[in-house]
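User: Please examine one part of this structure closely, and then describe how other parts of the chain are arranged. A connected account of backbone geometry, burial and contacts would be most useful.

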Amino acid sequence: MSASEHTDTMRHVISITDLTNAEIEEIFALADDAESLRKEKPARDHIMATLFYEPSTRTRLSFESAMHRLGGGVISCADMRASSAAKGESLADTAKVVSSYADVLVVRHPWDGAVRAMAEHADVSVINAGDGRHEHPTQTLCDLYTLRKEKGELKGLTVVVCGDLKNGRTIHSLVYALARFGANVVTLAAAGMELPQYVVERMESAYGYSLSPLVANDLGAVVSETDALYLTPKQPHQLALFTQMDSAIQLRLSTLASNLRYDAFYMTRKQKERIKEGANGGNYPTIGDEFLKEKRFKDTVVMHPLPRVDELAPELDRDKRGIYFKQAAYGVPVRMALLKFLSDRNQAKAGAPVTHVSLYQSPEPSGPHCVNANCVTVAETGSARRRYEILAGGPGGALILSCVYCDYRFKVQLVGDLKTKRYCAYDISLRATVGEWLEKNQLAVFNSIKEAEELGYEPYKISGLRIVMDNLEIQAAVESMSRDILAECQDTDGLLLLGVRTQGSVLARRIAAQMAKQKKRKYEVGEIDIYGSDEEIRRISLADPDAGPLNLRDREIVLVDDVIYTGRTIKDALSIIFRSGRPKRVRLAALIDRGHREVPVKPNFVGKHIPSSERERVRVKLRATEQGENDEAVIYSIINPSESASAPANTPLQSS
Ligand code: NCD
């Protein structure tokens, strides 16, 4: 197919979600009959280009072998670092150029979303052979095919995914696919390498999965010091909402665990090349020969996308349960089937199954940037237009944008109206107005006040401003919360104050300082970053660069935030906490409780109750250092943002 024949119906496989379950079954049926494809040679006049910007053995060679077996030709750059990329050629240009040399491009790249960016500029089908930490859909096809061959139906299987679940792209594609086929997933992450929150949230929102800690002592035979979590369709309980793990829940979870049959262990290596040096110390899970002796694992197969380092005992190679070499061998028939499938679909101009998502793109020339530093939209702005899916735009929720390229999501802090050139901090009081701006393509989103002002936006005027807590009152509230925490805490040695970034962490630090003053000893403080950053939980006191990830297991945790309103932030924070280790107890401290709740969380320690309506905004301003202005909490509304063209206020609004 030549470039001029390019149509909108061109199929790409960038994410595993680009294929429906029925299509995956169709590909598997073709793979089952790979022998016929080999005889038929349906790709006789087709050329595949492999563009690998990162090392590969299996993926590349099996793709190339597959194309040869289909009767097609293969062109390739032996090393993309020796291609024009080294001279600074953009991904967009490379995609455009190579499209006229080949009928299908297979691309591996170290940046998240790079392959999607190339697909947007290519005139032929593009297949993702691994993009950064994001996805590796064709590995997942091989994994599912192998599982199905070994275990029959995927529905109802329980697969334990182990190791580096944060940086392993094969894991991300795999868990989505397992969820879609109705399998259960147990996660056994190395400390600090848990499944990213955006993946967990997608499992919840798209596939109705919920996450619960699993008290699975059986897994101790394989991995020590690692918490298991169980992702399963529609469990009756939602553990993330319990701020205390009482014994009844523990018991229920143990029962749940003891009834589980583990069908497969999917092991991965630590993705060293994607980890900052010094980060993520500690034990890495391995499957040792004890595993083979355990009766309850007698039918459990062990998989690995390979390359392995030392995660698997050599004895496994000789055991029938070690199926990773088979899994690699299936790479050829499965990729033959995929190439054949794509070529047929493109010929039929069938197009991809339609999905309706509302995408946001800023009307300003440079939209808000993605929070993932490894995202293609950050690394190479020219090849990818910053576009986001809007999540949780529903009632009461924060406004969340999810990057189309890398799936990272972040909370919108500042919004502006293109027409009036006014901006303000986003909160629930603006929900309807922002909806209108979005509809009229007038919604601007900014990363900072500086950015808004540089683009010529001025702040909205505010009305009804009043101080609801002054400096002294905030100080008194911090003192009384500190006293209450100390009085109620059963285990002060294991106490950890975890502040929600940013204001919550300032408060957590202050509470810890108060407690230290009273008890003449230090308390550990951490910060939890719900939307965005790479490290969701980090230590912010007793800083020791070699201390490794913050340990939550069996700790008493007090989660600290400035204002609690809908409860959604707290729900997300709890979900991250339970995913990162199993604490003994989690309690909640909030400076201000606004009193409206969408999810059932109740603060245990409150500075002040300030019942307030949806139209009102409550902001806490805390001086970050000892010098500087005073602390205060204010309440106000902003003047009719949808029509207002009135004079700007003197003081810009602070985002909290
Ligand atoms: C994987 C990859 O590249 O993501 N390898 C593969 O394709 N078989 C896994 C890895 O590198 O660990």
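Analyst: In this predicted model, Lys421 is located in the loop between β15 and β16, the latter strand spanning residues 422-425. The backbone of Lys421 deserves attention, since its phi is near 55 degrees, a positive value in a residue other than glycine. For context, most residues other than glycine have a negative phi. With a relative accessibility of 28%, Lys421 counts as partly exposed, because this value falls between the 20% limit for buried residues and the 50% limit for exposed ones.

The strand on one side of this loop, β15, comprises residues 414-417 and contains Gly416. In contrast to the partly exposed Lys421, Gly416 is buried, with a relative accessible area of 0%. Setting aside residues up to four places away in sequence, Gly416 touches Arg422, Tyr423, Trp437, Gln442, Leu443, Ala444, Phe446 and Tyr457. Two of these partners, Arg422 and Tyr423, fall within the range of β16, residues 422-425. A further spatial reference is Tyr426: it is 10 residues from Gly416 in sequence, and the two C-alpha atoms are 9.0 Å apart.

A positive phi also occurs at Asp554, where the angle is about 60 degrees although the residue is not a glycine. Asp554 belongs to the loop between β22 (537-539) and β23 (556-564). Its relative accessibility of 49% places Asp554 in the partly exposed class, since a residue must be over 50% to count as exposed. Lys421 and Asp554 are therefore both partly exposed loop residues with a positive phi.

Unusual backbone geometry can also be sought at the peptide bonds, given that most peptide bonds are trans. The bond from Leu306 to Pro307 is cis, with omega near 5 degrees, and Pro307 lies in the loop between β10 (301-303) and α11 (324-329). Another cis peptide bond joins Arg501 and Thr502, with omega about 5 degrees. Thr502 is in the loop between β20 (495-500) and α17.

Helix α17 covers residues 503-519, and the loop that runs from it to β21 (524-528) holds Lys522. Lys522 is exposed, having a relative accessible area of 63%. The C-alpha atom of Lys522 is separated by 9.6 Å from that of Asp493, a residue 29 positions away along the chain.

A buried counterpart is found at Thr59, in helix α3 (residues 58-69). Thr59 has a relative accessible area of 5% and is buried. Its side chain is joined to that of Arg108 by a polar contact of 3.1 Å. Besides Arg108, and leaving aside neighbours within four places in sequence, Thr59 is in contact with Phe52, Ala129, His136, Thr138 and Arg335. One of these, Thr138, is within the range of helix α6, residues 137-151.

Helix α6 in turn packs against α1 (residues 21-32): their axes come within 11 Å and cross at roughly 70 degrees. That angle makes α1 roughly perpendicular to α6, and the crossing is right-handed. On the α1 side the contact involves Ile24, Glu25, Phe28, Ala31 and Asp32, which meet Leu141, Leu144, Tyr145, Arg148 and Lys149 of α6. By class, the residues of this contact comprise 6 nonpolar, no polar and 4 charged.

A second helix pair is formed by α8 (residues 197-207) and α18 (residues 568-579), whose axes come within 11 Å and cross at roughly 110 degrees. Helix α8 is therefore roughly perpendicular to α18. This crossing, too, is right-handed. Its contact residues are Gln197, Val200, Glu201 and Glu204 in α8, together with Lys571, Asp572, Ser575, Ile576 and Arg579 in α18. They divide into 2 nonpolar, 2 polar and 5 charged residues.

These local features belong to a chain of 656 residues, 57% of which count as buried. Its secondary structure comes to 18 helices and 27 strands. Among contacts with a separation of 6 or more, 73% are between residues 24 or more positions apart.

Conventions
Residues numbered from 1 in each chain as written. Predicted model: local features only at pLDDT ≥ 70, side-chain atom pairs only at ≥ 80, totals over all residues. Heavy atoms only, no water. Axes fitted to C-alpha atoms, helices over the stretch in contact; angles between N-to-C directions. Helix = DSSP H or I, 4+ residues; strand = E, 2+ residues; numbered from the N terminus. Parallel < 35°, antiparallel > 145°, perpendicular 65-115°, else oblique. Left-handed = near helix turned anticlockwise from the far one by under 90°. Contact = heavy atoms within 4.5 Å. Nonpolar A, V, L, I, M, F, W, Y, C, P; charged D, E, K, R; others polar. Buried < 20%, exposed > 50% of the residue type's maximum accessible area, 1.4 Å probe, protein only. Polar contact = N/O pair within 3.5 Å; in protein donor to acceptor, adjacent residues only side chain to side chain.
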